[in-house]
Number of protein chains: 2
Amino acid sequence: MTIKDIASRCGVSVATVSRVLNRFPHVHPALRARVEREIRRVGFRPNGVARSLVLKKTRTIGVVVADITNPFYSEIARGIEDQVRAHGYTSVLCSTDNLPKRQLEYLQTLLEKRVDGLILGSVRRREPEVAALAHNGFAMVLVNRSFRSPHVDSVVVDNYAGARRLMEYLVGLGHRLIAHIRGPLQFSTGYDRYRGYRDSLRARGLTPDPRYVVSGAFRREDAVVATRRLLELRPRPTAIFAGNDLMALGALEALAEAGLRIPADMAVVGFDDVELASYWGIRLTTMSQRIYEMGRLAVDLLMERIEKRRRERRAIILQPELVIRGSCGGQPISGGLGQGSLPLETHLDRAQLRRPQG
Amino acid sequence: MTIKDIASRCGVSVATVSRVLNRFPHVHPALRARVEREIRRVGFRPNGVARSLVLKKTRTIGVVVADITNPFYSEIARGIEDQVRAHGYTSVLCSTDNLPKRQLEYLQTLLEKRVDGLILGSVRRREPEVAALAHNGFAMVLVNRSFRSPHVDSVVVDNYAGARRLMEYLVGLGHRLIAHIRGPLQFSTGYDRYRGYRDSLRARGLTPDPRYVVSGAFRREDAVVATRRLLELRPRPTAIFAGNDLMALGALEALAEAGLRIPADMAVVGFDDVELASYWGIRLTTMSQRIYEMGRLAVDLLMERIEKRRRERRAIILQPELVIRGSCGGQPISGGLGQGSLPLETHLDRAQLRRPQG
DNA sequence: CGACAGTAGCAAAACGTTAGCAGAAAACAA
DNA sequence: TTGTTTTCTGCTAACGTTTTGCTACTGTCG
């Protein structure tokens, strides 16, 4: 069933059908009605592939993230999806598991499918192929992570400042032996947070002890292993700054396993403030970023590019915000019997704030 | 840059270039090498849109779920993505927030984009438009939720049996006053689990008290409100069967807020076994389903349809499995000081099991 | 040496739209 | 009535591929 069939059934030309389909002027109301009725009657849907071919536009954007299963990325993806939809576009989502090879494969596929633009949430600090693509004028924006020398549009949070703020907080609580489970240094998130950690110590006149820094791939399981290693150290650290919330959860797991109480025996902070950081039973102190919002902003930036309303580069750097829950003292972290429960309203507000009713 | 440009640069016809692109025979090795070199040199990528138009095949499948932010769906989506990729296809993912209108919109868009097939994870029990589509021979499989009269391929878990098993467990622990926070009855998941709850009580000669059944939309926040209502009841229930894990988390939150201890004052069970149900600080007893695997199976079913290897309907019904953690007794639920921590290996195994290394 | 496979390569016709140009009809003004 | 807009509609050439039929070469063998 094509536009041609509709045309012959109505005794008009394909041009006319195309015009009623696209609500163009200069078609007689009566004729328009007749064609529309026929279209509905046979349930005709124009072929978007053919349309894309002639328009050189797919109204589709590619989104690549590290792992959609990661609550951080699923929230970003949701922000992107909603805003993309608002612009009348569709998004196709890909998870790379941080594998450069897989990222390249997906990029190729998306390019071959002729997406109108790209939102990348999983780039490394150095990524020549990708940078070249942007340089060639392909519409693209980085989100969450950015390049070392960012000549590309991006929306990120100030990870360095966030890390320093977090460290200030821990030091302010009296901690001196602070360990860091850092993310991979190839990623700007891992790199900047680590720099913030290191510089904070130095600024306090504390020499960073390399044994107190262990690495993980931003995954919960990695932090479990890393934390076990940290616990063997003497003197034992009194606080752990995890590179993200997921790793903070892994740290909590390992600490519980070792029989340590939180926060009495060990303080833990994360980074990101994914929704589950606020759940009962977890109550993680962390640096909060507007994750959903970042996704939306990335789309807005991208659309400006796609519609050629802007040529110069633009980078949005958001400031994260410290949210204090139970994992460093103040409120005890474990729930039960009325202690340490945040008033519920806070959660409801958060939920609404993250996801405006759509 | 098109196939035509490559052709003229190499002094051959477009047909030849097309043949080297598609690794067809009957092209001289020397020529093939020359063309391939040129293709690489100028970085040519064939236009997938044009190809799709002539092939009448996009190698793309549409996936619609309720909410990608929901860990259950993000895990299913991940299973789908991985398996779809293994088949050389791409998936485009849409979140409907369980809004029928939005689902229909997305369906229209996907159809217009000429996806080769559809995986739907958010259907209601009755969905005439969708059923009609499948009836017309469009390749489609339902996952997680199914239709009332399923004439469509699907992969679901046996929710009824799961609910009964869960109730048996609670009754076995001595509970008689068991409340249920059920999901919407329009969804087979909500409906079947509720039936399981009700029939279990009846089978025990207990008459289901309607006050003990409250509803929510499978969201955590809903369960917080619902649980508050349950706590006002006299006699107060001693156990809560939440319609899914997210709602179980909401129940835990409300119970903590009310100063109740878990599981001493109230037992809680969920359904699904999303990854975070096993986290430290949560340790939810729940019915486990192989979520990631369901996504993969759905893709396999769909591919059989797309490649016309099967005409008759096929429904895969998986059996869920009870996993006992801390929320009903046995192990205490709150972490800290060596109590109630599951050996770590369990978690690592789970992670591997869910997501085979890719 | 001629017939015959088999191999290489080309030209052109799809695929289902959009859009520019042009013609016809209708409306309006003189 | 005629000339001039204005409004409507049709024809046709793209868009960038794949595929089919055809021709023109090679060798090979009887």
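**Notebook: two DNA strands, two chains**

I began with the surface near DNA strand D, and I noted that α2 (14-21) and α4 (48-55) of chain A, together with α2 (14-21) and α4 (48-55) of chain B, each supply at least two of its residues. Here a residue is near a molecule or strand if one of its heavy atoms lies within 4 Å of it, while helices (H or I, at least four residues) and strands (E, at least two) are DSSP runs numbered from the N terminus.

I remind myself that this is a predicted model, in which local features need pLDDT of at least 70 and side-chain atom pairs count only at pLDDT 80 or more, whereas totals for chains, interfaces and linings use all residues. Residues are numbered from 1 along each chain as its sequence is written, chains are lettered from A and ligands numbered from 1 in the order in which they are written, and side-chain values use heavy atoms, with hydrogens and water left out.

**Entry: DNA strand D**

I looked up the surroundings of DNA strand D and found 27 residues, of which the closest are A:Thr16, A:His28, A:Lys56, B:Ile3 and B:Ser18. Of the atoms of DNA strand D that come within 4 Å of the protein, 71% belong to sugar and phosphate. By type, I sorted the residues of this surface into 15 nonpolar, 9 polar and 3 charged, where Ala, Val, Leu, Ile, Met, Phe, Trp, Tyr, Cys and Pro count as nonpolar, Asp, Glu, Lys and Arg as charged, and the others, Gly among them, as polar.

I then went through polar contacts, that is, pairs of N or O atoms within 3.5 Å (within protein, one must be able to donate a hydrogen and the other to accept it, and residues adjacent in sequence count only if both atoms are side-chain atoms). A polar side-chain atom of A:Thr16 is 2.5 Å from a phosphate oxygen of DNA strand D, and a backbone N or O atom of A:Ser13 is 2.9 Å from a phosphate oxygen of that strand. What does A:Arg19 reach on DNA strand D? A polar side-chain atom of A:Arg19 lies 3.0 Å from a base nitrogen.

**Entry: DNA strand C**

Around DNA strand C I counted 26 residues, with A:Ile3, A:Ser18, B:Ser13, B:Thr16 and B:Lys56 as the closest. Sugar and phosphate make up 74% of the atoms of DNA strand C that come within 4 Å of the protein.

I noted that α2 and α4 of chain A and α2 and α4 of chain B each give at least two residues to the surface near DNA strand C, and that the largest share, 4 residues, comes from α4(A). This surface divides into 14 nonpolar, 9 polar and 3 charged residues.

Among the contacts to phosphate oxygens of DNA strand C, I wrote down a polar backbone atom of B:Ser13 at 2.6 Å, a polar side-chain atom of B:Lys56 at 2.8 Å, and a backbone N or O atom of A:Asn47 at 3.0 Å.

**Entry: strand β1 of chain B**

I turned next to β1(B), residues 60-65, where 6 of 6 residues are buried; buried means under 20% relative accessible area, exposed over 50%, and partly exposed in between (1.4 Å probe, protein chains only). In a regular strand the side chains alternate between the two faces of the sheet. In β1(B) both faces are covered, with B:Thr60, B:Gly62 and B:Val64 on one side and B:Ile61, B:Val63 and B:Val65 on the other.

I found that β1(B) pairs in the parallel sense with β2(B), residues 90-95, over 6 bridges, where two strands pair if DSSP finds at least two bridges between them. One of these bridges sets B:Val63 against B:Leu93. From β1(B) the chain passes through helix α5 (residues 71-86) to β2(B) in a right-handed β-α-β crossover, meaning that, with the strands pointing away from the viewer, the path from the first strand over the helix to the second runs clockwise. I also saw β1(B) pair in the parallel sense with β3(B), residues 117-120, over 4 bridges, and there B:Gly62 has B:Leu118 as its bridge partner.

**Entry: cysteines**

I searched for disulfides, pairs of cysteine sulfur atoms within 2.5 Å, and found 0 over all chains. For A:Cys94, the nearest cysteine sulfur is that of B:Cys94, 13 Å away. A:Cys94 counts as buried because its relative accessibility is 1%.
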